[in-house]
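Reader: Please show me the model, and then explain the terms you use for the ligand site and the ring pairs.

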Amino acid sequence: MAFSELAHLECSRTGATYDADVVQGLSDVGAPLLARYDLDAVTVTPAEIATRPPDLWRYHEVLPVRDPAHVVTLGEGMTPLLRLPRHGERLGVPNLVMKDEGLVPTGAFKARGAAVGVSRARELGVAGVAMPTNGNAGAAWAAYAARAGMRALIAMPVDAPQITRRECVVTGAELHLVDGLIGDAGRLVAEAITRREGYQDTATLKEPYRIEGKKTMGYEIAEQLGWRFPDVLLYPTGGGVGIIAIHKAMLELQQLGWVQGDLPRLVAVQATGCAPIVEAYEAGAEESTAPDDPHTVAFGITVPKALGDFLVLRAVRETDGTAVAVTDEDLLAAQRSLAGDEGTWVCPEGAACFAAVGQLREAGWLRGEEEVVVLNTGTGLIYPDTVLVDLPVVPKDGALP
Ligand SMILES: *Cc1c(COP(=O)(O)O)cnc(C)c1O
């Protein structure tokens, strides 16, 4: 059996097929390409997978890297799936569970997409990756490019989290800070690489393999639940890769016969300051429209117009899910409340999902008996400014109460 059962790439709009063994960008109609596998040829069983090392490469048959020698790894994957009984009680959803992506290299789930994307780019002979980012993706791709011995060109808004620019610099990436949003950075990157040899535009969904790395979150959740799906899954949605990827994973798991039963209801969570997917969902539209002045402390989900918006909306509607927006005030309160209840400091994007659980429970969309998985996409440590500490300093010969 082959290390990878990758068969071909498929246009997400037209279904047209493309060769997977050359460097590819978008399809002819400008849509993302999705990797398809010969799932019938996958003979490994869940029991055998359980004996493999605890990283995302345990699912290598359904990942795109053909030669194990090309795997670029920093030990990503198999993050904890934590039960949150105390916080669940507070929200009226006792069966609340968190998939905690704060525990991957670089501190955000972006490491998954970078590990698989960089590995496959190197396998196909790409010399440098180039991307716009809201920070975390750039930090991750810079790290994996360094590990692979490849170059990385990263452009991020000057307002992106400070730590992410330091991660790019320390790993030797070529970093540019842009006075604008991620879309502006994207235009600059796309133009720059027309003048450079050997670079690939690896912007969100513009290459097919980042999504493959992210889909392993879906495989892991199913495996960690004993090869079954939860009832509901909430995801903080920016570019939408994560939610599209988890949906793809779950369809593959059904087709592989590894999991039986209905897919979870998928919930796309955004911040009210930038909620194009939620607005499109509510309007019954198939695509989103960029808001005028997008802003939220949950910087990773400040994506005014996602290339894969139609795929997010499809995933939400096909699974009887929904899309909800929460205010910055509510998500910061949720971050604090969860940390006090369970001892875990999640990123503001993940916190948005916890606020959304409370909101959906109050609205009756969640009835309280469901098993609800929240994707926490990163650690709160990336966003130290979300918690302000203002304490007087005690003199050393003073006394504590
Ligand atoms: C990028 C990012 C998101 C959004 O992920 P998408 O897959 O692009 O929707 C959410 N949270 C964090 C911490 C991120 O870095």
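What follows is a short exchange on the ligand site and the aromatic pairs.

Author: Note that this is a predicted model.

Reader: Which residues are closest to the ligand?

Author: The ligand is surrounded by 17 residues, and the closest are Lys110, Gly238, Gly240, Gly242 and Thr377.

Reader: What makes the approach of Lys110 to the ligand a polar contact?

Author: A polar contact is a pair of N or O atoms within 3.5 Å. A side-chain N or O atom of Lys110 is 2.7 Å from an oxygen atom of the ligand, so the pair counts. The side chain of Asn136 also has an N or O atom 2.8 Å from a ligand oxygen. For Gly240, a backbone N or O atom is 2.7 Å from an oxygen atom of the ligand. The protein covers 96% of the 390 Å² of accessible area that the ligand has on its own.

Reader: Which elements give two or more residues to the shell around the ligand?

Author: They are strand 10 (232-236) and helix 8 (241-256). By class, the shell has six nonpolar, eight polar and three charged residues. The space that the ligand takes is the largest pocket.

Reader: How many aromatic pairs are there?

Author: The count is four aromatic pairs.

Reader: Why is the pair of Phe109 and Tyr235 called edge-to-face?

Author: Ring centres must lie within 6.5 Å for a pair, and planes over 60 degrees apart count as edge-to-face. The centres of Phe109 and Tyr235 are 6.0 Å apart and their planes are at 85°, so the pair is edge-to-face.

Reader: What makes this a link between distant parts of the chain?

Author: Phe109 is in the loop between strand 5 (96-100) and helix 3 (110-123), whereas Tyr235 is in strand 10, and the two are 126 residues apart.

Terms used. Residues are numbered from 1 along each chain as its sequence is written. This is a predicted model: local features need pLDDT of at least 70, side-chain atom pairs count only at pLDDT 80 or more; totals for chains, interfaces and linings use all residues. Side-chain values use heavy atoms; hydrogens and water are left out. A residue is near a molecule or strand if one of its heavy atoms lies within 4 Å of it. A polar contact is a pair of N or O atoms within 3.5 Å; within protein, one must be able to donate a hydrogen and the other to accept it, and residues adjacent in sequence count only if both atoms are side-chain atoms. Accessible areas come from the Shrake-Rupley method with a 1.4 Å probe; for residues, only the protein chains shown count as cover. On a 1 Å grid over the protein atoms alone, a cavity is a set of points where a 1.4 Å probe fits but cannot get out, and a pocket is an open set with protein on both sides within 12 Å along at least five of seven lines; lining residues have an atom within 4 Å of a point. A molecule sits in a cavity or pocket if more than half of its atoms lie within 2 Å of its grid points. Helices (H or I, at least four residues) and strands (E, at least two) are DSSP runs, numbered from the N terminus. Ala, Val, Leu, Ile, Met, Phe, Trp, Tyr, Cys and Pro count as nonpolar, Asp, Glu, Lys and Arg as charged, and the others, Gly among them, as polar. Rings of Phe, Tyr and Trp (its six-membered ring) pair if their centres lie within 6.5 Å; planes under 30 degrees apart count as stacked, over 60 as edge-to-face and the rest as tilted.
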